Each structure stands twice: as structure tokens, then as C-alpha cells.
Amino acid sequence: MQNVSAGVRQGLLLVAVAWLAPIGSTLFAPVLPQMIAHFSDVPRAELLAPLALVTPALFVALLAPLAGILADRTGRKHLLLAALALYAAAGIAPHWIDNLYGIILSRVVVGIAEAGVMTASTALICDYFAGERRAHWLSVQFGSASLVATFCFMLAGFLGGYDWRAPFLVYGATALFIPLVLMLIFEPAPVAPEARALVREERAGGLFTPRFIACLALTLLCGMLFYVTPVHISLVLSERGFTDAGMLGLASAIGSIGVVVGAVAFRLQSKRSIGALLVVAMAAQAVGYAVLYTQPSWAAGAIGMFINNIGCGISLPLVLAFTMSNLRSDYRGRASGIWTSMFFVGQFVCPIGVNVVAAASGGMVAAMAAFAGITLSAALVFMTGLIFGHSFKEPATPGRDIMPVH
């Protein structure tokens, strides 16, 4: 334990480390067609190759709670260093592996490493910063991740033009984070007894209080909604008759900027009640879905995704900040792991849920109407809770928090 305080350098490094999750999938996606062609002699290669893409998300969802326990028991920094080394080694491995099943196995290891990286980095952000400073770094984390994902998608497409294996070399560069973590990251100091006394009620109920369980349910909902438009915007526009890959990519890039705008909005309004911010987030998503359903032009599709993603950019850092507030420091690792797990469960089930809705409603465009109704209903529920409930009136980032004392 070190008696030092975290600042901008630690915040920026932890935000950058959290980029590894979107990097893990976006570097892989553009080379799927070439990969399927290369392994065309493997039975069901057209199914196995996409499985390799989503495998990390599944293992993050399964193992992040275990990573949270390790973070609390062995230390955040130790877990982060081990996970970074594992991520770099397993991520770069497909550059040399010429076996589809071997590549899938390497992606399993990437998922295990991502569970450790995401859990440790999120726990450290919440350990190092409180109140508005925590809201700031969480909003930076989610907002910047969207831009990094867009950049990596373009980078992978460029490198994949030379060789489908080339994008995997970028994973090796993540090893550069290791010396930075060694130099800048420190274990949080123990919690002072007087700080624990501030949250005696939360401590008495353990980690799994009704409040924490409700936050996990919100995380699952917001995590699923977060991926609806980024994953399916190309299918929506294709049904409208826009099939050019460049135009579809541009629409996705424009729409992803909405996450940044939403994250900034959360940062500026983080002292408002969680109920009010949830109403705004869900209403913005409902408007975005409505635009996607009612407006047939390409520009309207990009604008609809942009508006929708503003709501997504508000909701996820909001729910994470509220979940991690007023927790004991020796709970934050586990809480971070469970939160990460729920978020990735939402990511994993999102395509399944959207496809079910699309099949029932008659297509991907019609599914946007259904999701407009779902998010509008959620906004009305949260508004009712804000009017009649107590918890929804709590500030999203309360000033009172258990923090390391330096």
C-alpha cells in the first residue's frame, strides 16, 4: 500500500487499459470473411469463425465475478499485470496459429484476460476517485471506448487488406501497458474506520443488497440496449436499400459519436438524480429508435443512431457510478467483476434478443419500432419511480463515499 494520491496520469492509463475490450472484438471483425475463406475446408467454418469473435465476451461474462474476488484478495495491480500479459500473448497468437479450433481456444484465453483487465481497471477507477471525479473518468472511459472501437475497425480493415492475420499483431502492442502499470498504478490504501462508519447500513446487508441487485438489473438492460444500433445499424439501412459498405461504415462512425456526447452530458449533469438521468437516457434512445423506424433516408439512419447513442452514453457510466457508490473498498473488486459480467451478458444476448424481436415484428426496421416502445416504457417507469420513489431521487454520484485515505 502506498500513501499517494491518484491523478490525471492514473486516470488516463486506466481509461486506456479499458479500451482493450472493444479492441478485442473490432480488430477481429473486419477479417472474418477472409478467415472463413482460409479455413473453408474446415466443416462449419462459416459458423465457427464468428463464434471466435464473440467467445471473449462470453468468457468475460462468466469469469468477471471470479476476477473480482481475485482483485479483492490478491490486489488490483497484480491482477491487472497478469491479465495484460495474458491478453497480449493470447491476442497475438492467431497470427501464427493455422488451426481454426486453436484460434477459438486463443480467443477463450483473451476472454479470460479481458475479465481481469476490465474488473481491475474499473475497480481502480472507483478506488482512486469519488463523486464528480469518478463520474468524469467513467464518462471518459465509455465515451473514448466508442471512438477507439471505430478507429480499430478502420485499422483492422486496412491491415486486413494485406493479410487477414496482420490485425492480430496489434494485440502484441498492448504489452506496452505493462511497464506503465508498474510505474503509475498503486494499490489503494486501507479504508479508515471512520469512513466505514458512514455506510454502516450498507455494510450490515453485505454486498447483495436490494439496491445492488437492482443496479445489476439496470446494467443488464442498459448493456443490451448499448449494442442494439452499433451491431444492427447496417441491417436496418440494408433493408432501406443502402448496401454500400463504405456508406454503412460511415453511418456507424457518425452514430458512435453520440456515445461521446452522452458521456459528456453525464459528466456535466452527474450531480442530478439517477431517476432524472435514466428518464433522459431512455427517452433519447426511444427518439433514436423512432427516427430509425419512421425515416427512410441514409442521413436519418445516421442521425437516429446518433440520438440513440446519446442515451446509451448517459446510461452506462451513470449506472456504473451509482452501482459503485457507497461500497466498502473490500467489496469494490467483487462489485466491479459482477457489474462487468452483467454488462457482457447484455452484450452477448443483444443479437439474440434483437433477432427474436425482428422475427416477431417482421424485419429489422420494424424491430426499431418495438425498441422505441420498450425504451419509452422504461422512461415512463423511471419517471414514476422518480415521482413516487426514494431511491430514484438519490444523486447519481453522491459526495459521500468510502475512499482510500492517503
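**Aromatic pairs, salt bridges and helix H16 in a predicted model**

The structure, a predicted model, holds 14 aromatic pairs. One of these is formed by Tyr289 and Phe371, whose rings are tilted, with 5.7 Å between the centres and 35 degrees between the planes. This pair links distant parts of the chain, since Tyr289 is in helix H15 (residues 274–294) and Phe371 in helix H18 (residues 364–388), 82 residues apart. Both Tyr289 and Phe371 are buried. Another aromatic pair, Phe343 with Phe344, is edge-to-face, at 5.4 Å centre to centre and 80 degrees between the planes. Phe343 and Phe344 are likewise buried. Elsewhere, one aromatic cluster is made up of Phe39, Tyr87, Trp164, Phe168 and Tyr171.

Charged side chains were examined next. In general, side chains of opposite charge can pair when their charged atoms come close. Five salt bridges were counted in the model. In one of them, the side chains of Asp72 and Arg334 meet with an N to O distance of 2.9 Å. Asp72 belongs to helix H4 (residues 45–74) and Arg334 to helix H17 (residues 329–361), so this salt bridge ties together parts that are 262 residues apart in sequence. Asp72 counts as partly exposed because its relative accessibility is 21%, and Arg334 is also partly exposed, at 29%.

A salt bridge is also found between Arg76 and Asp127, where the closest N and O atoms are 2.7 Å apart. Here too distant parts of the chain are linked: Arg76 is in helix H5 (residues 76–92) and Asp127 in helix H6 (residues 100–128), 51 residues apart. With a relative accessibility of 4%, Arg76 counts as buried; Asp127, at 0%, is buried as well. Asp72, Arg76, Asp127 and Arg334 are linked in a network of salt bridges, which thus includes two partly exposed residues, Asp72 and Arg334, along with the buried residues Arg76 and Asp127.

The side chains of Arg165 and Asp98 meet in a further salt bridge, 2.7 Å from N to O. Arg165 lies in the loop between helix H7 (131–160) and helix H8 (169–172), and Asp98 in the loop between H5 and H6, so the pair ties together parts that are 67 residues apart in sequence. Arg165 is buried, its relative accessible area being 11%, whereas Asp98 is exposed, with a relative accessibility of 53%.

Helix H16 covers residues 298–324. Its 27 residues should span 39 Å at 1.5 Å a residue, and this agrees with the distance of 39 Å between its end C-alpha atoms. Of these 27 residues, 22 are buried, so H16 is largely enclosed by the rest of the structure. The N-terminal end of H16 is capped by Ser297, which has a side-chain oxygen 3.1 Å from the backbone nitrogen of Ala300. After H16 comes Asn326, with a positive phi near 60 degrees. The charged end of Arg211 sits over the ring of Phe322, at 4.1 Å from the ring centre.

Towards the start of the chain, Gly7 is found in the segment before helix H1 (8–18). When residues up to four places away in sequence are not counted, Gly7 touches Phe129, Arg133 and Trp137. The C-alpha atoms of Gly7 and Ile69 are 26 Å apart in space, and the two residues are 62 residues apart in sequence.

Conventions. Residues numbered from 1 in each chain as written. Predicted model: local features only at pLDDT ≥ 70, side-chain atom pairs only at ≥ 80, totals over all residues. Heavy atoms only, no water. Helix = DSSP H or I, 4+ residues; strand = E, 2+ residues; numbered from the N terminus. Expected span 1.5 Å × (residues − 1). Buried < 20%, exposed > 50% of the residue type's maximum accessible area, 1.4 Å probe, protein only. Polar contact = N/O pair within 3.5 Å; in protein donor to acceptor, adjacent residues only side chain to side chain. Phe/Tyr/Trp six-rings, centres within 6.5 Å; stacked < 30°, edge-to-face > 60°. Lys NZ or Arg CZ within 6 Å of the ring centre and 35° of its normal. Contact = heavy atoms within 4.5 Å. Salt bridge = Lys/Arg side-chain N within 4 Å of Asp/Glu carboxyl O.
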